[in-house]
Amino acid sequence: MPDLQIERNKSLLAMNTMALDSTAEYFCSASTLKEVHQALSFAKDHNLSVTPLGAGSNVILASNLSGLVLHLGLKGCESAEVIGGADGSIDVTFDAGENWHDMVLMCLDRGWFGLENLSLIPGNMGAAAIQNIGAYGVELSSLLVSLQVVDIQSGALFELGSEACQFSYRDSVFKQSLKDKYIITQLTLRLSTEPNINIDYPALSAYFIELNKDPTPQMVSDAVCDIRREKLPDPNKLANVGSFFKNPVINQSALAELQCVEGKGEVPFYSQPDGSVKVPAAWLIDKCKFRGAQRGGVGVHDKQALVLVNYRNDANNDSAREILSLAKEIQATVKARFGIDLEVEPRIYGPV
Ligand SMILES: Cc1cc2nc3c(=O)[nH]c(=O)nc-3n(C[C@H](O)[C@H](O)[C@H](O)COP(=O)(O)OP(=O)(O)OC[C@H]3O[C@@H](n4cnc5c(N)ncnc54)[C@H](O)[C@@H]3O)c2cc1C
């Protein structure tokens, strides 16, 4: 196996944005499809489990990882006009290791629109489908045509259409029945060559009302970046994984009960197409007075209650245990006060 370097006992401290001190029993970074296959053969020959890793911005590495951690570093991007499709659409295929935000900017530059609202989301293209990334009123699922995947067990390479991914809010088949079954090596998105502005999301519409200008796609991207920088900590400066909890979805009667207790109109919510409502987890956590709270070396960000942060970034830290303990404290307090269960968004590796 001459071109694939397999390392033993590799520190992942610099490879996860929560800066947790975890070690991979075996580690390699694949930059071609051939290397992905070589890595899977190595794992099979040595009877090792395989954990794919992108930029580590949605994982809590709460223990050392046994088996092979396979970093996806494949780079490349191709575009193709959509034959027989709607006018002005283009299919763009990205390799898994490309950085998400770099690709958003590249697409804007080339006049391929649709990704503006998803600007500045950390992480790589390959992981975007795992939790159906979304922000400012747009989800990946609305743009995804297909994925190229490799079966971890058999090494078979094939394509999965959008339907097969069973996307929903921060969820997909890859977090459910196909969890840990496939490596995503490419994803193809259908973008538009005509601007299609979507500023319905309240924070965005407020931004443009204030600006008093008709937005271009570039302006939407810039606005999203501005808003995000204002309220989310930069993981390069303060370790975090973005939203730690999903926004809970509850039914109308549960909402009515909450409004009774909190006062009518007090509880913010977003109506969902099926009649249910999404309540901002940040509001629930804020109401329980966790914003800015600190426990040991970790805490809740002071501008966004949904973001747990790790103030340390050194080796041998105890932050993973503290983060999980703080998360449990928040979940128990929110449950006791509102009767609502908060679900953790990032994937936790290790004891829960
Ligand atoms: C500051 C901040 C803000 C964020 N904002 C948002 C937001 O607005 N919206 C949103 O949806 N998310 C957000 N996130 C979460 C995160 O950016 C996304 O989930 C992103 O897609 C994770 O990409 P990654 O490459 O870092 O994945 P990783 O953290 O490396 O991996 C996440 C999971 O996917 C698996 N995986 C990774 N790559 C592959 C692959 N190629 N094939 C198969 N499995 C794979 C891993 O095994 C792991 O289970 C934010 C995170 C941060 C730190």
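Helices (H or I, at least four residues) and strands (E, at least two) are taken here as DSSP runs and are numbered from the N terminus. On that basis G88 belongs to the loop between β6 and β7. The model is a predicted one, in which local features need pLDDT of at least 70 and side-chain atom pairs count only at pLDDT 80 or more, while totals for chains, interfaces and linings use all residues. Residues are numbered from 1 along each chain as its sequence is written.

**Domains**

The domain assignment, whose bounds come from an automatic or database source, divides the protein into domain 1 (7-72), domain 2 (77-192), domain 3 (202-231) and domain 4 (239-349). Taken over C-alpha atoms, the centres of domain 1 and domain 3 are separated by 37 Å.

**The mixed sheet**

Two strands are said to pair if DSSP finds at least two bridges between them. By this criterion 4 strands form an open sheet with mixed pairing, in the order β1-β2-β5-β3. β1 and β3 are the edge strands, each of them pairing on one side only. Neighbouring strands of this sheet are turned against each other by 45° on average, with direction ignored; axes are lines fitted to C-alpha atoms, for helices over the stretch in contact, and angles run from 0 to 180 degrees between N-to-C directions.

Burial is judged by counting the other C-beta atoms, placed from the backbone, within 10 Å of a residue's own: 20 or more make the residue buried, 12 or fewer make it exposed, and anything in between makes it partly exposed. Strand β1 (residues 7-11) lies largely in the open, because the number of buried residues among its 5 is 0. β1 pairs with strand β2 (residues 23-30) in the antiparallel sense over 4 bridges, and within this pairing K10 stands opposite A24 in β2. β3 and strand β5 (residues 65-72), by contrast, pair in the parallel sense over 4 bridges, with L68 in β5 as the bridge partner of V50. Helix α1 (residues 33-45) lies across β2, β3 and β5 and runs at about 170° to β5, where contact requires the C-beta atoms of two residues, placed from the backbone, to lie within 7 Å.

**The antiparallel sheet and G88**

An open sheet of 5 strands, with antiparallel pairing, has the order β6-β7-β12-β10-β11. β6 (77-81) and β11 (157-161) stand at its edges with a single partner strand each, so one side of each is left without a neighbour in the sheet. Here the average turn between neighbouring strands, direction ignored, is 20°. Strand β7 (residues 89-95) is joined to strand β12 (residues 182-192) by 7 bridges in the antiparallel sense, and F94 stands opposite L187 in β12.

G88, in the loop between β6 and β7, counts as partly exposed because it has 14 C-beta neighbours inside 10 Å. Leaving aside residues up to four places away in sequence, G88 touches S192, T193 and E194. G88 and S49 are 39 residues apart in sequence and, C-alpha to C-alpha, 44 Å apart in space.

**The ligand shell**

A residue is near a molecule or strand if its C-beta atom, placed from the backbone, lies within 6 Å of it. Of the 32 residues around the ligand, G54, G123, G126, A127 and G242 come nearest. At least two residues of the shell are supplied by each of β3 (50-53), β8 (134-135), β12 and β13 (239-243). The shell divides into 18 nonpolar, 13 polar and 1 charged residues, with Ala, Val, Leu, Ile, Met, Phe, Trp, Tyr, Cys and Pro counted as nonpolar, Asp, Glu, Lys and Arg as charged, and the others, Gly among them, as polar.

β13 is mostly covered, with 5 of its 5 residues buried. This strand runs antiparallel to strand β19 (residues 307-310), to which 3 bridges join it, and the bridge partner of S243 in β19 is V307.

**Two asparagines with positive phi**

Most residues other than glycine have a negative phi. The table sets out two residues that have a positive phi although neither is a glycine.

| Residue | Phi | Loop | C-beta neighbours inside 10 Å | Class |
|---|---|---|---|---|
| N132 | about 50° | between α2 (100-110) and β8 | 21 | buried |
| N212 | about 55° | between α3 (202-211) and α4 (217-231) | 6 | exposed |
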